[in-house]
Amino acid sequence: MGKLLVFEGIDGSGKSTQIQMLSNFLKSQKQKVFVTREPGGTEFGEKCRKLFLTQNLDGLTEAYLAFASRNEHILQKIKPALKLGHWVLCDRFSDSTIAYQGYGRGVEIQYLREMATNMEKQLSELRIVYVHTSLETCLKRIKNRGGVKNKFDNSSRIFYEKVIYGYSNIVKERGNNIIQVDGDDEIEKVFKKILQSVPELERFKTKYNHSGNI
Ligand code: ADP
Ligand code: TYD
């Protein structure tokens with residue numbers, strides 16, 4: 001059985017960068033890796049993603065879209081990849097819905113948590129890496145990132161402050177299932193911290209130090 005590692009954090013926190021580094025590193029260690037994201041990950045999920053990122057929707061509608069996309073993602077992609085022994089590296093999952101639609105947009109948090117918990121019952125294990133990066137840093141990075149901006153990239157400071165507050169509560173609630181790293185650190189330092197702190201990656205940490213092969 002493979003392992004599912006989910007990366008969480010606000011936009012620009014550095015999730016995709018760390019996922020890419022981890023994917024390259026694990027592949028260098030002859031591991032099978034499946035990188036995916038939410039909303040998205042399946043044909044249906046990518047359609048949800050497009051609606052999600054471009055339409056002005058009520059927060060609850062956004063949450064339902066995120067959950068619909070997630071359920072198909074679990075069934076069609078995540079579970080089969082885990083069964084084949086892949087490391088599944090997923091950019092965002094349930095905690096994004098709780099942080100963004102719940103804390104950010106005011107949808108009832110308990111309701112979202114219950115839906116998330118039910119959906120996660122389909123998975124035997126779930127490890128989350130929360131990349132905690134200051135809002136100042138993220139806003140600078142989003143500004144410099146270029147490319148097409150989505151509706152969340154243009155969100156207000158107040159919105160992101162609520163989302164960050166949401167993540168801080170989620171970290172407390174999730175306990176040992178979530179590992180927090182400091183995304184304001186240099187890319188390499190963040191990566192080493194992930195290797196050191198995620199129990200599933202324990203056996204690889206000396207490999208990285210010795211070979212430095214990224
Ligand atoms: P996310 O996937 O969380 O939105 P990205 O990984 O796309 O964030 O990173 C956003 C931008 O910040 C990218 O241009 C990336 O190169 C840069 N970046 C990511 N992590 C760091 C870091 N630790 N230090 C400096 N720049 C970073
Ligand atoms: P994406 O480009 O993947 O985010 P990032 O900038 O972090 O790389 O865009 C996904 C956006 O959707 C992001 O702003 C967070 C938001 N989102 C939610 O609001 N709820 C959710 O359940 C998920 C999965 C994402």
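In this predicted model, the shell of residues around ligand 1 draws at least two members from each of two helices, α1 (15-28) and α6 (135-145). Of these, α1 provides the largest share of the shell around ligand 1, contributing three residues. In total, 14 residues surround ligand 1, and those that come closest are Gly12, Lys15, Ser16, Thr17 and Asp185. When the shell around ligand 1 is divided by residue class, six members are charged, six are polar and two are nonpolar.

Several polar contacts involve nitrogen atoms of ligand 1. A polar backbone atom of aspartate 185 lies 2.9 Å from a nitrogen atom of ligand 1, and a polar backbone atom of isoleucine 187 is found at 3.5 Å from a nitrogen atom of this ligand. From the side chain of arginine 141, an N or O atom is placed 3.3 Å from a nitrogen atom of ligand 1. Ligand 1 would expose 560 Å² if taken alone, and the protein buries 73% of that area. As for its location, ligand 1 sits in the largest pocket.

Ligand 2, for its part, also sits in the largest pocket. Two or more residues of the shell around ligand 2 are given by each of the helices α2 (43-54), α3 (59-83) and α4 (94-104), and it is α4 that gives the most, with four residues. The residues around ligand 2 number 17, of which Asp11, Lys15, Arg92, Thr97 and Gln101 come nearest. Lys15 is thus listed among the closest residues of ligand 1 and also among the nearest residues of ligand 2. With respect to class, the shell around ligand 2 comprises seven charged, six nonpolar and four polar residues.

Polar contacts to ligand 2 are made by side chains that approach its oxygen atoms. Threonine 97, which belongs to the group of residues nearest to ligand 2, places a polar side-chain atom 2.6 Å from an oxygen atom of the ligand. For arginine 49, a polar side-chain atom lies 3.1 Å from an oxygen atom of ligand 2, while an N or O atom in the side chain of arginine 145 is 3.2 Å from an oxygen atom of ligand 2. The area that ligand 2 exposes when taken alone is 550 Å², and 94% of that is buried by the protein.

Beyond the ligand sites, the aromatic side chains were examined. The count of aromatic pairs comes to ten. In the pair formed by phenylalanine 25 and phenylalanine 191, the ring centres are 6.0 Å apart and the planes stand at 80 degrees, over the 60 degrees required, so the arrangement is classed as edge-to-face. This pair links distant parts of the chain, since phenylalanine 25 lies in helix α1 and phenylalanine 191 in helix α8 (residues 187-197), with their positions 166 residues apart in the numbering.

Two features of the backbone geometry are also noted, each of them in a loop that borders β2. Glutamate 38 and proline 39 are joined by a cis peptide bond, for which omega is about -10 degrees, and proline 39 is located in the loop between β2 (33-37) and α2. Lysine 30, although it is not a glycine, has a positive phi of about 65 degrees, and this lysine 30 is situated in the loop between α1 and β2.

Terms used. Residues numbered from 1 in each chain as written. Chains lettered and ligands numbered in written order. Predicted model: local features only at pLDDT ≥ 70, side-chain atom pairs only at ≥ 80, totals over all residues. Heavy atoms only, no water. Near = heavy atom within 4 Å. Polar contact = N/O pair within 3.5 Å; in protein donor to acceptor, adjacent residues only side chain to side chain. Areas by Shrake-Rupley, 256 points an atom, 1.4 Å probe, with all protein chains shown as cover. 1 Å grid on protein atoms, 1.4 Å probe; cavity = no way out; pocket = protein on both sides within 12 Å on 5 of 7 lines; lining within 4 Å. Sits in = over half its atoms within 2 Å of the grid points. Nonpolar A, V, L, I, M, F, W, Y, C, P; charged D, E, K, R; others polar. Phe/Tyr/Trp six-rings, centres within 6.5 Å; stacked < 30°, edge-to-face > 60°.
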